[in-house]
Structures are given as C-alpha cells and as structure tokens.
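This report is written for a reader who is new to the structure. Please look through the sequence and the model before reading on.

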Amino acid sequence: MTQWVYTFGDGKAEGRAHMKNLLGGKGANLAEMSSLGVPVPAGFTISTELCTYFYANNETYPDDLKGQVDAATKQLEDIMGGKFGATEGPLLLVSVRSGARASMPGMMDTVLNLGLNDKTVENLASQTGDDRFAYDSYRRFIQMYCNVVLDVSGEHFEALLEKHKEAQGKELDTDLSAEDWKVLVGAYKTEVRKHIGKEFPQDPNEQLWGAVGAVFGSWMNKRAITYRKMYGIPADWGTAVNVQAMVFGNMGDDCATGVCFSRNPSTGENLFYGEYLVNAQGEDVVAGIRTPQPLSVAEKKAINSDLPSLEEILPPIYKELHAYRDKLELHYTDMQDMEFTIQQNKLWMLQTRTGKRTAQAALRIAVEMCEEGLIDKKEAILRMDPAMLDQLLHPMLDPKAEKNVLGKGLPASPGAASGQIVFTADEAEAWVKDGKKVILTRIETSPEDIGGMHVAEGILTTRGGMTSHAAVVARGMGTPCVAGAGDLTVNYANKTLTAGGVVLKEGDMITLDGASGQVMSGEVPKILPELTGDFGKLMGWVDEFRTMKVRANAETPLDASTARNFGCEGIGLCRTEHMFFDPQRIIHVREMILASDEKDRRAALDKLLPYQRKDFVDLFTIMAGLPVTIRLLDPPLHEFLPHTEADMADVAKAAGSDVATLKARADQLHESNPMLGHRGCRLGVTYPEIYEMQARAIFEAAAEVASKGSEVLPEVMIPLVSTKAEFDRLKEVIDRVAGEVSEKTGAKMAYMVGTMIELPRAALVADKIAEGAEFFSFGTNDLTQTTYGLSRDDAGNFLVPYQDLGVIPNDPFVTIDQEGVGELVKIAAERGRKTRPDIKLGICGEHGGDPASVAFCSSVGLNYVSCSPYRVPIARLAAAQAALGAGEVHSTA
Ligand code: PEP
Ligand code: MG
C-alpha cells in the first residue's frame, strides 16, 4: 500500500524537513516543527505523489486514499479534542492549503474554516458563546470556498457586503453585528445558488474533498504555470495538500495573528521582525486591509510606528514566540519566515520556511551567520545566488540629487528605479515590449499581476504592509518596491496618481527609492553603492576558495579601474576597435580605409599610432602587475565608414578625396554577410600594416610603462582565426615588431601571442594552432553564432518563442550551450593542451559573467573567465561555488 497521507501534531510527525519533495515545503516544515516540540495545530499532508497520480490518472484518486484521509482525520480529532462536522460538543474546523516543493507565494489557494455549514455554525456559536464570530467565520468560509473551489469570484460577495453596510449605515466590518452576518450568510448562499444552480455544499466531507481537488487543480492554473516558468520549476514536481486544524486569531482581543521573520528580510539585520493584527484571521495581515502592528519595541522604534507592539501588549507570548524564533533559526541555520496565531492567549505556530530576502539581506545574513558560528565560510558562499549579487551593484539615488518627493510608503525592496507610470500589469508588459521603462503603480497587487511585476523597473502600491503581496514578490525578484504609500491615491478609472495637490497621469515619469520608501516625480540621478563591509568580507572568502581567475572585458580607463575595484585579475579582452571611434581618430581610421595603396595606408596608420599607444599606456598603468589581453582589430572595415551624405562629404574632404570615390570604396567594401566576411585576422593577413601599427603601439606603451617601474604583461590576441597558417603569419608580424621596439628602446619584452577560438574549425584544429599560440581565449559570442549558424544580431526574434516552446532551454548567447558550443570548447581545450600542456585558456564571450557558464568553464579547467566589469564579483562568486562543487548553478537567462 502506498502511503499518501502523513500526519503531524502533538510533538510527533510521520514526516521530517528533508522530505520536501514528498510533502512540499510547508508540509515538511510543519512535520519538523511538530517533532521539535513547537506548538503546531495538528494536521496531515497529502503527498505530492498524489498530485502526480491525480494528473497521470485522468484527475482521479487511488482507491486507498479515502481510508488514509479518514484515519488521519480521526487522529486529528483525537489530538485537538474536537469533531469534524460536530453539530454539538467541541467542533473541529480545518484549513486546506497547497504546499509545493519550492515556495510559490500567492500562486496556490487556501481555504480556511472548512467544516462549517448551517448546523455546525450554530454549534460553533454555542461552543464559543460568540454568535458574531461564528457567522463571520461562516461567511468568510463561503466566500473563500466559492472563490477557490466553485469558481465564483469574491467580488460578488464583496458587493453584497458593501451594499449591506451602506443600507445599515455602517462603515467597517467590525461595526457589523451577529445579526448582520447572519443576514449576509443568507444572501451569500442565495448568490451561490444563482451561480452554481444548487445549494452551497453542506456536507463537511464533500467540502473537504472539494478543497483537496481544488488545490491539486490549481497546480495547473495559469498563475502557477507562469510562476513555474519564471523560476524554472518543473510541472511534474506537483504540490502537496495540507489539512490542518483551525486555530483562530479572531475570537477577541486575546487573539491575534501575524507573520514574522527571524531577521529583517529587507536589510538582513539580526533583529526579530514582524507584523501582527489583534483579533484578525490569518489572511488579514497579508491582505493589507488593516495596517499591521510591529512585533517588538525595537522594531516599533525603527519604523517610527505609534501602534502598540506585541512585546508591549502580550509580553509572555512575545517571549515565547521569540524563543521559537531562536529555536527554529538555530535548527534550520537560516533566516526563517514564520506565521503564528494566538487563540485566547495560546500561541500556535502555523508555518516556518526559509525566508525570501533581498540581495542585501542575503549578503548580511550569510556573513553574520558565519561570524556567529552558525554556518561556515563555504556555506556562506554557497548560499549567495551569484545573480543576486547583481542587485547589490544596482544604482541607489544620488544623495546630492534634488528630489521632489511626492509621498512615502514602506521601503519594501531596495534599489532605486525610475520609469513611466502604468496602472495595470498588462499595460506594463505592453509598454516594456515597446522599449519603455515602467513603474507598475497599483492600489495593491495580486498574483495575476506577476507578469507585469516581472518586467517593471519598480513597483508602487498605495496599500499593504511589508509582507503584502507586492512587497514579498518584489523582494524575491530584486525589483525596487515602495508599498503601502497611503498618502498617494490611485484612480484606475481616470488613470491618475494623486499626491497632495499633484496629479500625475499614465506615462508620467516617477522615481522610487526602495531603500527609504520615497516616491519622487521625474527621473532622479542615481549612483552605484560602495562595495565594502559585508560585501568585501564575502568576496574575501570567495577568493580563498576560488581556483579560476576572473578578468574583465574593458578598454576605457574608466572600465578598467571599475573592474579593478571589483577585484578583477587582469583584462581578458580589450576590443581595440572601440578605441577607434573617438572623433579625433575616426578620421584617420577612415583615411586608412580609403587609402588606395600600402604607402597611404601606412601614413594614416602612423597618425593613429600615438593615440593607440596612449590607450595602452593607460591600461597597462591601471592594470600594473596584471595581464592585459589586447585583441587586434576585428570588425569589417565598412563599420567605420560614414553613413549620411553630410558625413560622407566631411570625410571625403578630410581625406583629400571626393564623395564619389568614397561611395565607390564603400560599395567595394559592402558584404552580404559581414560577420562571416572580411574581418578579424583576415584583415590582418591582407593588410598586415594595421596589426603592425597596433603591435607597435602595444610594445612601445609596454616599454614606456615598464620604464617607470611597473610590471607590464601584454597578451596580444588575434581574432577569428580558423587556420594555423593565418595565426603563424600574424604572429611573425607581432614578434618582428616586438623585436624592433625592444631594440629601439632597450626594453626587454615579456609578452605572449595567442588567439581567440571563435570558429568551429579553430576548435577542431586547436592542436595545430597551439603549436604557435601561447594562449586561447574562447570568444563564445561568435562561437555560438557560428556553431548554431545563428546571427547574434537577428536571433532575438525567434529565440524567445524558441524558449517558450521549449525548443531550447536558455538563450545560448546568455548561458553556454554545453552540448554543442561547450563540446567545441572542450575539444579545443583538450587538443590545445595536448600540443602545449601549459597553454593558458580563458573565455571572453558574454558567458564569462553568467554563473551557469562559469561553472561549465571551471569543469573544463579553464584558467580564467573574463566578463564585463560589473559582473566581475558575480563571476568571482560563481567561480568559488564551482570550486566548492555547488550542484545547481543558476543561470542569469
Ligand atoms: C566573442 O566573439 O565571444 C567575443 C568576445 O568577441 P566579440 O563579441 O567582440 O565578437
Ligand atoms: Mg568575436
């Protein structure tokens, strides 16, 4: 017999925390808490295997399930001392919730107070002596059940409630009496009949099975599918269902319900942090309808709240909660996100899970937990998602910038963002498709908004707390978010955002500061954060474990110094053509292109030489003591020619030529497929004087910097090689120039000459090329393009649908295609090493900054990866994780 059902409660459990795959995250943690002696309302979990069975068998259940559920329900009744469906004596009500292996906040549905019907509600009233509570619970149940199970939208019930309040001249739900709720329950039931053509189900067992079916059904709803796609969660994982005894936080003023984090999920500060509401039911805290109160006195001070904290109003319970916080954090050795309910002065823990956190918090928590001795350095490194570091490198508001503050909300997710106001998630997606940057501005968000939230630069809500949907989801995505900005008003109908007297319209630019909660008009300038403190510590640990080096792709002094500040260990790619576009030089480049013979070409190149030399002097000086790989000219020459008539006239004049000659030369240079045309080393072979000039500039700069006492390590790199003959010819030119400069300056030249591997043929004949080449650098941008036969400039049109259709798992220009392009890298590395065992191997395509690709590079034994300056820290972390043998590495795709 298969065990489908696992019970927990009363200090015992059939499951444990490590059984997440079977019991889902929530179920496994409930079992764990129960085993640890933390007070958890008893319950049972129907396993994810049942979800798989359900979908594999035409949405039916196995025969032995019912017996197991009945037995578990009986056990639940015994532990809690109540009966499910009891019309007299203690009554047991249950909640039914989904719980997948990976947390999917807001994606799946929950039903509370299940087991209520026209009879049990009377029993509940007499058991509690509180009619109002009983009928309020019943109407909540009807609404939730209808929404989740019977597909009758909550709006219908909200409308009835509003109508009733208006008729009675009452404003708040709390103003309503037991009688009011009784009348409303009647109205709700009539409404249900209208929609489903029959009575609201009265049999508690029918209700239970209905809810269980709805949870399994919701695994395949649109929201869940979107979320899974976004986070790469496989559909066959399935969800578990948790059925648990209800406890009530809304039975009076000795009751409360709340959400708490063992450390601050936004900043990472080691401060018990949370929100609660007195006399409220679970969902009220996250729904954002009432403003939640702070948990502790310290937190109250920190957020400047005048609402009473739990520590003040229920000190013993606060102490007990704090003790569970300590226990659970120590047990899981990670920051916990917990839910609790206080029913008539008794504390119940409803959930614990590893808390989602901002990048800033993740860093601080990892570093501090390591310093506290809770985890070791390796664990701290493995816990940081490299892609998350990216968020830490994101801009903050320039403190010196002028700000026109419109209002303030909660600092829900850090980082500063500017964009145009849009009021719906669909609009956000449409505008972003049109190349705009948007701030999704909503009263509150719901799981339906997930697509729009994902593409928005920032998210602004006018309602809700730090644990509201907007706040939780934005933090997970690393999107700046200001939540609950109550002094701003959103009007969906008019598409306006009003702040004080100012009315902003759709399309107006605003700026959010997710760190302070401020909302500003216009675009406020931003700066990058200082990377010191915890960041510096973690990066220090990273470097202790890392074996692969990390270099940067940089050509300007600014890029080079930024990269050095980020800890790069040299330049892996200096694309010299970028240096040619400066207005003072482009004219000489064009003269060189227009030259009709070698003599004229050399004359133009002579004018370029001092500029190039200065470029290299700067780079060698900044990178003193570190290797600098300089790639000789790569793009086809027509890229440097003018395009407009006016520019052509200017260039013709400067070159002592005329527009007609210029046009003729441009026509001559025209290629149908320039990326596969006269570029890279093919230019060097046909016009060796170009590479000669560049080599001279490199060696003269090296001699100059070395003469000032700095160590200079130039690595001259030839692009787009496909044959040994190409490489050898050009190496000869470079070596000759090095000799000449050495002779002239008396400097002893230490340098290397190597090649990029960007073409499949080069990878295949790598053993031959390595006879002359001292290093290979994998140009995986071109190698991906040429291996797939995909134009890197045009593939965007179909790569997205390709990913949506599952034809390819990732964009191969972002994350290396291991089985194709990666195989060529492996072959080239092996063959290159066979000829030259100490050949230096690196990668300088965009993949060098992608964590999953960095892991691959490590597995192939590359000596270094090279990436854009801002990705250097990400690559350093990814390299350390690869060295520590991290199993799953996230891609940034
Ligand atoms: C490459 O092709 O991977 C590379 C680094 O060169 P570029 O992107 O300049 O073509
Ligand atoms: Mg290339």
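## Residue classes and the model

In the classes used here, Ala, Val, Leu, Ile, Met, Phe, Trp, Tyr, Cys and Pro count as nonpolar, and Asp, Glu, Lys and Arg count as charged. The other residues, Gly among them, count as polar. The model described below is predicted.

## The chain as a whole

The chain contains 35 helices and 34 strands. Its C-alpha trace spans about 105 × 65 × 50 Å along the principal axes. Of the 893 residues in the chain, 55% are buried.

## The shell around ligand 1

Twelve names need not be learned at once, so the shell is taken here by class and then by element. By class, the shell around ligand 1 consists of three nonpolar, four polar and five charged residues. Among the residues around the ligand are Leu573, Met756 and Cys844, which belong to the nonpolar class. Arg575, Arg631, Glu758, Asp782 and Arg792 are also found there, and these belong to the charged class. Gly779, Thr780, Asn781 and Gly845 are part of the shell as well.

Three contacts with oxygen atoms of ligand 1 can be described. A polar side-chain atom of Arg575 is 2.7 Å from an oxygen atom of the ligand. For Glu758, a polar side-chain atom lies 3.0 Å from an oxygen atom of ligand 1. Gly779 takes part through its backbone, with an N or O atom 3.3 Å from a ligand oxygen atom. Ligand 1 has 290 Å² of accessible area on its own, and the protein covers 95% of that area. Two elements, strand 28 (571–575) and helix 31 (780–788), give two or more residues to the shell. Helix 31 gives the most, with three residues.

## The magnesium ion

The magnesium ion is ligand 2, and its protein donors are Glu758 (OE) and Asp782 (OD). These donors lie 1.9 to 2.1 Å from the ion. Glu758 is in the loop between strand 31 (752–757) and helix 29 (760–764), while Asp782 is in helix 31, so the pair ties together parts that are 24 residues apart in sequence.

Are the two donor residues, Glu758 and Asp782, buried or exposed? Both are buried. Glu758 and Asp782 also appear among the residues around ligand 1.

## An open sheet of six strands

Six strands form an open sheet with antiparallel pairing, in the order 2-1-3-8-6-7. Strand 2 (12–13) and strand 7 (110–114) are at the edges, and each has a single partner strand, so one side of each is left without a neighbour in the sheet.

Within this sheet, strand 1 (residues 5–9) pairs with strand 3 (residues 43–46) in the antiparallel sense over four bridges. Thr7 stands opposite Phe44 in strand 3.

## Two loop residues with positive phi

Asp10 is in the loop between strand 1 and strand 2. Its phi is near 60°, a positive value in a residue other than glycine. Asp10 is exposed, with a relative accessible area of 54%.

Asn345 is in the loop between strand 12 (336–343) and strand 13 (346–354). Phi of Asn345 is near 70°, which is again a positive value in a residue other than glycine. Asn345 is partly exposed, and its relative accessible area is 44%.

Notes
Residues numbered from 1 in each chain as written. Chains lettered and ligands numbered in written order. Predicted model: local features only at pLDDT ≥ 70, side-chain atom pairs only at ≥ 80, totals over all residues. Heavy atoms only, no water. Near = heavy atom within 4 Å. Polar contact = N/O pair within 3.5 Å; in protein donor to acceptor, adjacent residues only side chain to side chain. Areas by Shrake-Rupley, 256 points an atom, 1.4 Å probe, with all protein chains shown as cover. Donors = N, O, S within 2.8 Å, 3.2 Å for Na, K, Ca; no water. Buried < 20%, exposed > 50% of the residue type's maximum accessible area, 1.4 Å probe, protein only. Pairing = 2+ DSSP bridges.
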